[in-house]
Amino acid sequence: SSSSERPPRRASLETGAPAPHALKERGGAEERERRMAFSVGEQARWWSVGFAVFALFLYLMSDVLMPFLAGAALAYFLDPLADRLEARGVSRFAATVIVTLVMLSLFFGVLLVLIPAVFTEGRSLLEELPAYASALESYVKTRAPEAFEPGAPLAQAVENMRSQAQEWSVSALESAWTGGLAVIDFLTLLIVTPVVAFYMLLDWDRLVARIDSYVPRDHLHTVRRIASDIDGVLAGFVRGQLTVCLILGTFYAGALLVVGLDYGLVIGVFAGLISFIPYIGAIVGGVLSVGVALFQFWNDPILIFAVVAIFLVGQAVEGNVLTPKLVGGSVGLHPVWLLLALSVFGSLFG
């Protein structure tokens, strides 16, 4: 038949133009989607309510959720290792078992090697503190006896400390139960966290795929790009911060042992572990080290100055080299922006 005799619907298909009933169906679908879609204000209200409920849930369940959050964080950082083993032909279950056993072995190996030495030195330091205090009092009385005259500020401070000793002992007894609960919580964290990490690491890829399936398809590329950026920055920050703490702890402990300072190992390790808090690691470690050095090297000022120099050098290297290069480089921030961020948000949030 000629083209003029063809049915209208077939003519529309051959010419590529949609048929009238198709246009009507498409318009109806678009109208239904428009009616079902939330406005910007409605979306903001629903997201605000959801965030408030989620924050309240985290607040009420904070004690219960801690082992699970720690396990999820551990699985997040161990997932790249499991993925590398999978790329070499190892099954996901076997990769999870290998990674978990290696990490537990390293963790408990460090505990078995480091904890006894740190515990021994820490206990000795606590036992020697009264002797240090008595020596300091005798030294001050010899060099400045007027400081302990009745009514002097130092004498009043010593008397106040003695009067509060009874209250401190009672408070220590009252907090024994709380301390016991804290030990139980720590043991729970130590036991539950690896179990949670194992199962989450085993199903990590499926978990990510399930979350990815919930993302609206229109925004999938944007959400994936933002999540990838967050993943890279967060992992880089944690790696950089842990590297800084490891370097500083090794430097402080090694340098103090070379100087010959008593309890140098425990002080150096402790100062390195808390170095993720700006300035606190150097200040606390420096005060403890100088206090011990004053009693140990009281007749050798050079060694006392050496102890002071160790923490001054450590703080200078951390603030000007390690943190800007390792942490700032990991998160893609210029050193000036990193120092400004530490200063501003440290002032705002402590």
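**Exercise 1. Describe the overall make-up of the protein in this predicted model: how many helices and strands does the secondary structure hold?**

Step 1. The secondary structure comes to 13 helices and zero strands, and from the N terminus on every element in the run is accordingly written as α.

Step 2. Turning to burial, buried residues make up 23% of the 350 residues in the protein, while the accessible surface comes to about 24,500 Å², of which 70% belongs to carbon and sulfur atoms.

Step 3. For the contacts, consider those with a separation of 6 or more: residues 24 or more positions apart account for 63% of them.

**Exercise 2. Locate the largest nonpolar core and work out which helices supply at least two residues of it.**

Step 1. The largest nonpolar core has 22 residues, and those with the most contacts inside it are Tyr 252, Leu 256, Ile 267, Ile 310 and Phe 311.

Step 2. Helix H9 (220-259), helix H10 (264-273), helix H11 (280-296) and helix H12 (301-331) each supply at least two residues of this core.

Step 3. A second, separate core has nine residues, including Tyr 76, Leu 78, Ala 95 and Ala 235.

Step 4. Returning to Leu 256, and leaving aside residues up to four places away in sequence, one finds that Leu 256 touches Leu 261, Gly 264, Ile 267, Gly 268, Ser 289, Val 307, Ile 310 and Phe 311.

Step 5. H10 is mostly covered, with eight of its 10 residues buried; among them are Gly 264, Ile 267 and Gly 268, three residues that Leu 256 also touches.

**Exercise 3. Decide whether Ser 289 is buried or exposed, and list its neighbours.**

Step 1. Ser 289 is found in helix H11.

Step 2. Its relative accessible area is 0%, so Ser 289 is buried, given that the cut-off for this class is under 20%.

Step 3. Not counting residues up to four places away in sequence, Ser 289 touches Leu 256, Leu 261, Ile 267, Val 307 and Phe 311.

**Exercise 4. Trace the surroundings of Arg 92: which backbone oxygen does its side chain reach?**

Step 1. Arg 92 lies in helix H5 (residues 92-143), and because its relative accessible area is 11%, this arginine counts as buried.

Step 2. The residues that Arg 92 touches, not counting those up to four places away in sequence, are Asp 79, Ala 82, Asp 83, Glu 86, Leu 201, Leu 202, Trp 204 and Asp 205.

Step 3. Taking Leu 201 from that list, Arg 92 and Leu 201 are 109 residues apart in sequence and 9.0 Å apart in space, C-alpha to C-alpha, yet the side chain of Arg 92 reaches the backbone oxygen of Leu 201 at 2.7 Å.

Step 4. The side chain of Arg 92 also makes a polar contact with the side chain of Asp 205, at 3.4 Å.

**Exercise 5. Examine the nonpolar patch on the surface: which helix gives the most to it?**

Step 1. The patch is formed by Phe 54, Leu 56, Phe 57, Leu 58, Tyr 59, Leu 60, Met 61, Val 64 and Phe 68, which together have about 920 Å² of accessible area.

Step 2. Helix H3 (40-60) and helix H4 (62-87) each supply at least two residues of the patch, and H3 gives the most, with six residues.

Step 3. Phe 57, one of the patch residues, is found in helix H3; its relative accessibility is 44%, and therefore Phe 57 counts as partly exposed.

Terms used:
Residues numbered from 1 in each chain as written. Predicted model: local features only at pLDDT ≥ 70, side-chain atom pairs only at ≥ 80, totals over all residues. Heavy atoms only, no water. Patch = residues over 30% accessible without salt bridge, like charges linked within 9 Å, V, L, I, M, F, W, Y side chains within 5 Å. Areas by Shrake-Rupley, 256 points an atom, 1.4 Å probe, with all protein chains shown as cover. Salt bridge = Lys/Arg side-chain N within 4 Å of Asp/Glu carboxyl O. Helix = DSSP H or I, 4+ residues; strand = E, 2+ residues; numbered from the N terminus. Buried < 20%, exposed > 50% of the residue type's maximum accessible area, 1.4 Å probe, protein only. Core = buried A, V, L, I, M, F, W, Y, C linked by side-chain atoms within 4.5 Å. Contact = heavy atoms within 4.5 Å. Polar contact = N/O pair within 3.5 Å; in protein donor to acceptor, adjacent residues only side chain to side chain.
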